[in-house]
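Welcome, and thanks for taking a look. Please open the structure below and keep it beside you while you read.

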Amino acid sequence: MAKTRHFQARMNQRGITMEMVNLVMQFGALDGDRYVLNRDGAVYLLNKLRKLQRVAMQVIDKKGIVVIAANDELFVTTYNLESFDRNAQ
């Protein structure tokens, strides 16, 4: 999205980074022509990210996980990535 000079000036004056703007655009609530990410929303997002980090660490501990699904509607099976070796005899 293009940025006006006014937008860039206000970012600089208020110490708002483009990373912050992108976060608000991605996770903020749309209110008319405004995107709003308030303090409670940012805290909620941070808690979700922490939970996501814990789950990602569990996947790393298992050295990866595979999920087999049919047509994105039905889970068929799942297994640890390293537990299935097609070349094993």
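Here is a short briefing on the pocket, the surface and the backbone.

Please keep in mind that this is a predicted model. Its largest pocket holds about 340 Å³ of space. The surface carries a nonpolar patch with about 450 Å² of accessible area, and the salt bridge count comes to 1.

**The largest pocket**

- Rolling a probe the size of a water molecule over the atoms shows where empty space is left.
- The largest pocket encloses about 340 Å³, and of its 13 lining residues the closest to the centre are Met1, Phe7, Val21, Met25 and Tyr35.
- Two elements, α2 (18-27) and β2 (34-36), each give two or more residues to this lining.
- The largest share comes from α2, with 5 residues.
- By character, the lining divides into 8 nonpolar, 2 polar and 3 charged residues.

**The nonpolar surface patch**

- Val55, Val59, Ile65, Val67 and Phe75 make up the patch and together offer about 450 Å² of accessible area.
- Both α3 (39-61) and β3 (65-70) supply at least two of the patch residues.
- Val55 belongs to helix α3.
- Val55 can count towards the patch because its relative accessible area of 39% passes the cut-off of over 30%.

**The salt bridge**

- Side chains of opposite charge can pair when their charged atoms come close.
- Here the partners are Asp31 and Arg34, with 2.9 Å from N to O.
- That distance qualifies because the rule asks for a side-chain nitrogen within 4 Å of a carboxyl oxygen.
- Asp31 is partly exposed at 44% relative accessibility, and Arg34 is partly exposed as well, at 48%.

**Helix α1 and the residue after it**

- Helix α1 covers residues 5-14 and is hardly covered itself, with a count of 1 buried residue among its 10.
- Just after α1 comes Gly15, which has a positive phi of about 65°.

**The loop between β3 and β4**

- Most residues other than glycine have a negative phi, and most peptide bonds are trans.
- Asn71, which is not a glycine, nevertheless has a positive phi of about 55°.
- Asn71 sits in the loop between β3 and β4 (74-80), where its relative accessible area of 70% makes it exposed.
- Asp72 is found in the loop between β3 and β4 too, and its phi is also positive, near 55°.
- Asp72 counts as exposed because its relative accessibility is 79%, and the cut-off for exposed is over 50%.

Key
Residues are numbered from 1 along each chain as its sequence is written. This is a predicted model: local features need pLDDT of at least 70, side-chain atom pairs count only at pLDDT 80 or more; totals for chains, interfaces and linings use all residues. Side-chain values use heavy atoms; hydrogens and water are left out. Patches are made of residues with over 30% relative accessible area and no salt bridge: like charges are joined within 9 Å, nonpolar side chains (Val, Leu, Ile, Met, Phe, Trp, Tyr) within 5 Å. Accessible areas come from the Shrake-Rupley method with a 1.4 Å probe; for residues, only the protein chains shown count as cover. Helices (H or I, at least four residues) and strands (E, at least two) are DSSP runs, numbered from the N terminus. Buried means under 20% relative accessible area, exposed over 50%, partly exposed in between (1.4 Å probe, protein chains only). On a 1 Å grid over the protein atoms alone, a cavity is a set of points where a 1.4 Å probe fits but cannot get out, and a pocket is an open set with protein on both sides within 12 Å along at least five of seven lines; lining residues have an atom within 4 Å of a point. Grid points are joined across faces, edges and corners, and a volume is the space filled by probe spheres set on the points. Ala, Val, Leu, Ile, Met, Phe, Trp, Tyr, Cys and Pro count as nonpolar, Asp, Glu, Lys and Arg as charged, and the others, Gly among them, as polar.
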